[in-house]
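Trainee: I'm new to this one, and I'd like to know what stands behind the words people use for it. Could we go through it together?

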Amino acid sequence: MTFDDKFFDIGRLDRLSFRETFVHRLDPRVKVIATMLFLLTVISFPKYEIAALAPFFLYPMLLVTVGEIPLRFIIKKIIVVSPFVIFVGIFNPILDTRIAAVIFGVSVSAGWISFLSILLKFALTISAALLLIATTSFSGVCHALRRIGFPALFVSQLHFLYRYLFVLMEETMRIIRARDMRSFGKRGTGPRVFARLIGILFLRTVDRAERIYYAMLSRGFAGDMPALKRSRIVWPDLAFLSVMMAGLWVFRFFPVTENIGRIAEGLLR
Amino acid sequence: MHMADALLSPAVGTTLWAGSVAVGGYASKTLKREIDDRLIPLMGVLGAFIFAAQMINFTIPGTGSSGHLGGGMILAIILGPHAAFLVMASVLTVQALFFADGGLLALGCNIWNLGVYPCYLVHPFIYKPWVGGSKSPKRILAASIISAVAALQLGAFSVVLETLLSGKSELPFGAFALMMQPIHLAIGIVEGFVTAGVINYVRSARPEIIESIAASRPLGAEVSLKKVMVTFAVLAVIAGGVLSWFASTYPDGLEWSIEKVTGKGELPEREHGIAAALKGLQEMTAFLPDYNFKSAAKAGDLKSVSQKEAAPAWPGIDAGTSTAGIIGAAIVLGTVVLIGMGIRAVRRKKIS
């Protein structure tokens with residue numbers, strides 16, 4: 001991924017989070033909790049489970065459509081981060097060659113089933129995380145974490161990091177451009193020059209932090225970052241959370257997919 | 001390398017989350033007591049710095065491939081363990097949220113692998129005693145390389161352990177470790193070299209900066225070996241408790257590893273309480289009830305790994321079940337897509 005792409009992506013996710021839809025209006029705390037429950041449920045399925053994972057795609061699909069998030073953008077982001085999981089998972093079909101099922105005359109090994117299961121879980125968990133941030137602004141997530149009980153110091157770290165990410169990225173972009181213009185081919189791109197560049201970036205960062213600190217002091221900073229906009233949990237939030245929990249419970253403990261399949265089979269015959 | 005949600009089991013994921021949250025709570029508590037206010041914006045902006053620095057690629061000499069910075073060691077050297085740990089945790093959180101590196105459940109593992117080791121083990125016990133107050137660039141270089149290698153080896157080894165304990169991957173322990181450790185040895189050497197380069201450069205260009213940061217960070221930043229040992233022991237006990245509870249609920253992976261470690265099958269299991277109830281529920285509802293562990297558990301004998309592999313692995317699978325699963329999945333996914341398209345259509349109409 002090139003630098004500009006990464007920069008563009010983070011800005012785009014940020015812009016998406018300021019839309020005004022039902023999902024965007026839900027309380028951030030509720031969305032954080034719902035996402036964690038969703039992830040735990042998906043991950044709790046055993047290694048060879050495929051069919052029962054299908055209904056879980058309903059959740060990201062609802063968020064994408066109701067929240068008006070571009071589907072292609074999310075899919076692109078999922079593909080970009082997939083290499084590590086594919087690298088680890090691809091060994092399953094190679095190492096686990098027991099024949100597990102014969103489907104329409106083609107025999108499928110257990111390894112392929114567990115690999116497919118990993119890929120499905122991967123798509124579900126990554127899309128849930130991305131959609132959390134795309135439907136809740138980052139500062140929303142931070143305030144949610146603060147009110148759930150994470151330490152103030154950690155949450156203010158997140159705030160600062162996010163706020164200055166864009167500034168430092170632009171700084172870095174200028175540094176990279178300057179290096180590229182002065183280096184021909186691979187010359188000048190080695191670790192020695194790199195260490196210097198990082199050193200310079202570090203010095204500029206420290207100076208900037210000092211200026212920020214004085215600016216904040218003069219505005220009354222006392223260690224915490226209070227939010228002006230206080231969100232309250234109202235009944236749509238509770239409704240969302242209870243529907244979510246009920247759905248997760250049903251899809252986790254009842255073989256919904258299999259039963260639908262059986263009924264369909266019965267109808268076809 | 002970042003651990004991923006899809007490779008994790010809930011037991012491993014929640015255990016490491018608990019561990020990371022505990023360490024994070026300890027770090028913020030210590031800092032809050034002793035910190036100078038000016039360190040707070042510095043920490044946050046340094047997090048953004050690590051982020052930005054990771055985007056500059058460099059060519060690794062002799063290989064032609066390119067690498068980027070990890071950053072844990074630089075932070076630990078400059079900020080001290082507690083502050084560095086919090087910064088690292090917030091960097092990883094933003095990465096998990098925005099770039100989906102790993103995922104939110106794996107975040108606990110990643111904070112552990114990339115934060116706890118450099119900040120709480122390697123820096124206080126390798127880097128600090130070695131360098132001390134010395135300003136010799138050569139000594140800093142040597143200590144940085146060894147520290148970065150040690151931190152990355154521990155991190156990579158933890159990724160291997162976490163993957164195996166979760167039991168979603170078929171990779172055998174030896175092969176996986178043999179792949180991960182050498183790659184991270186190379187990365188560690190480069191990381192150490194860059195770390196030393198940055199520290200030495202800053203020290204020569206603006207020595208007062210490092211000193212002023214050192215002066216504003218808490219005096220008690222030294223970590224005592226005893227405290228670390230006690231924390232690790234407590235965490236190990238918690239982990240053991242959580243893992244064994246889950247082990248009776250979700251028999252994937254853990255049996256396998258217990259078998260490997262002790263040479264025996266599963267530990268004698270008591271069937272009562274919530275674990276047994278959940279297990280019953282799972283057996284009733286699972287697509288492949290307890291797959292190949294069923295026979296072993298029923299017979300109650302301690303099978304060796306080779307016997308287990310020889311045994312018929314897939315009891316009770318018939319073509320009917322899998323066809324129903326496939327048809328069902330197709331219908332469910334089709335319905336999901338239709339619902340999505342329906343909502344889109346309604347929205348468009350409303351807008352126009």
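Mentor: Sure. This is a predicted model, and we can start with Ile56(B), which sits in the loop between α2 and β1 of chain B.

Trainee: Why is Ile56(B) called buried?

Mentor: Count the C-beta atoms around it. Ile56(B) has 21 others within 10 Å, and the cut-off for buried is 20 or more, so Ile56(B) is buried. By the way, its C-alpha atom is 32 Å from that of Gly19(B), a residue 37 places away along the chain.

Trainee: And what makes His2(B) buried?

Mentor: The count again: 21 other C-beta atoms lie within 10 Å of His2(B), and 20 or more is what buried takes. His2(B) belongs to the segment before α1 of chain B.

Trainee: Which residues does His2(B) contact, leaving aside its neighbours within four places in sequence?

Mentor: Phe84(A), Asp101(B), Gly102(B) and Asn110(B). Ala142(B), on the other hand, is 140 residues along the chain from His2(B), with 26 Å between their C-alpha atoms.

Trainee: How do you know that Val88(A) is buried?

Mentor: Val88(A) has 26 other C-beta atoms within 10 Å. Set that against the cut-off of 20 or more, and Val88(A) comes out as buried. You'll find Val88(A) in helix α6 (residues 83-89) of chain A. Once neighbours within four places in sequence are left out, its contacts are Leu7(B), Thr163(B), Ser169(B) and Leu171(B).

Trainee: How far is Val88(A) from Asp207(A) in space?

Mentor: 42 Å, C-alpha to C-alpha, with their positions 119 residues apart in sequence.

Trainee: Why is Glu68(A) called partly exposed?

Mentor: Glu68(A) has 19 other C-beta atoms within 10 Å. Buried starts at 20 and exposed means 12 or fewer, so Glu68(A) falls in between and is partly exposed. Look for Glu68(A) in the loop between α4 (58-66) and α5 (71-80) of chain A. Its phi is positive too, near 55°, and Glu68(A) isn't a glycine.

Trainee: What makes helix α3 (residues 72-79) of chain B largely enclosed by the rest of the structure?

Mentor: 8 of its 8 residues are buried, so the description fits. They are Gly72(B), Met73(B), Ile74(B), Leu75(B), Ala76(B), Ile77(B), Ile78(B) and Leu79(B). After α3(B) comes Gly80(B), with a positive phi near 85°.

Trainee: Over in chain A, why are α3(A) and α8(A) called roughly antiparallel?

Mentor: The axes of helix α3 (residues 28-43) and helix α8 (residues 110-135) of chain A cross at roughly 175° and come within 10 Å. Angles over 145 degrees count as roughly antiparallel, so that is what α3(A) and α8(A) are to each other.

Trainee: Which residues meet there?

Mentor: From α3(A), they include Val32(A), Phe38(A) and Leu39(A), while α8(A) brings residues including Leu124(A), Ala128(A) and Leu132(A). By class, that contact has 8 nonpolar, 3 polar and 2 charged residues.

Trainee: How do the two chains touch, and how many residues are in contact?

Mentor: 97 residues of chain B are in contact with 101 residues of chain A. On the chain B side, α14(B) gives the most, with 18 residues. That side has 64 nonpolar, 22 polar and 11 charged residues.

Trainee: What is chain B made of, in helices and strands?

Mentor: Chain B has 14 helices and 2 strands. Of its 352 residues, 45% are buried.

Trainee: Where is confidence lowest in chain B, and where is it highest?

Mentor: Helix α12 (residues 293-299) is lowest, at a mean pLDDT of 39, and helix α6 (residues 137-166) is highest, at 89. Residues 246-318 of chain B have a pLDDT below 50, although this stretch makes 74 contacts in the model beyond near neighbours in sequence. Where pLDDT is low, the predicted coordinates should not be read in detail.

Trainee: And what are the average for chain B and the scores for the model?

Mentor: Chain B averages a pLDDT of 72, with 66% of the residues scoring at least 70. The model has an ipTM of 0.83 and a pTM of 0.77.

How values were computed
Residues are numbered from 1 along each chain as its sequence is written. Chains are lettered from A and ligands numbered from 1 in the order in which they are written. This is a predicted model: local features need pLDDT of at least 70, side-chain atom pairs count only at pLDDT 80 or more; totals for chains, interfaces and linings use all residues. Two residues are in contact if their C-beta atoms, placed from the backbone, lie within 7 Å. Helices (H or I, at least four residues) and strands (E, at least two) are DSSP runs, numbered from the N terminus. Ala, Val, Leu, Ile, Met, Phe, Trp, Tyr, Cys and Pro count as nonpolar, Asp, Glu, Lys and Arg as charged, and the others, Gly among them, as polar. pLDDT is the predictor's confidence in each residue, from 0 to 100. Axes are lines fitted to C-alpha atoms, for helices over the stretch in contact, and angles run from 0 to 180 degrees between N-to-C directions. Angles under 35 degrees count as roughly parallel, over 145 as roughly antiparallel, 65 to 115 as roughly perpendicular and the rest as oblique.
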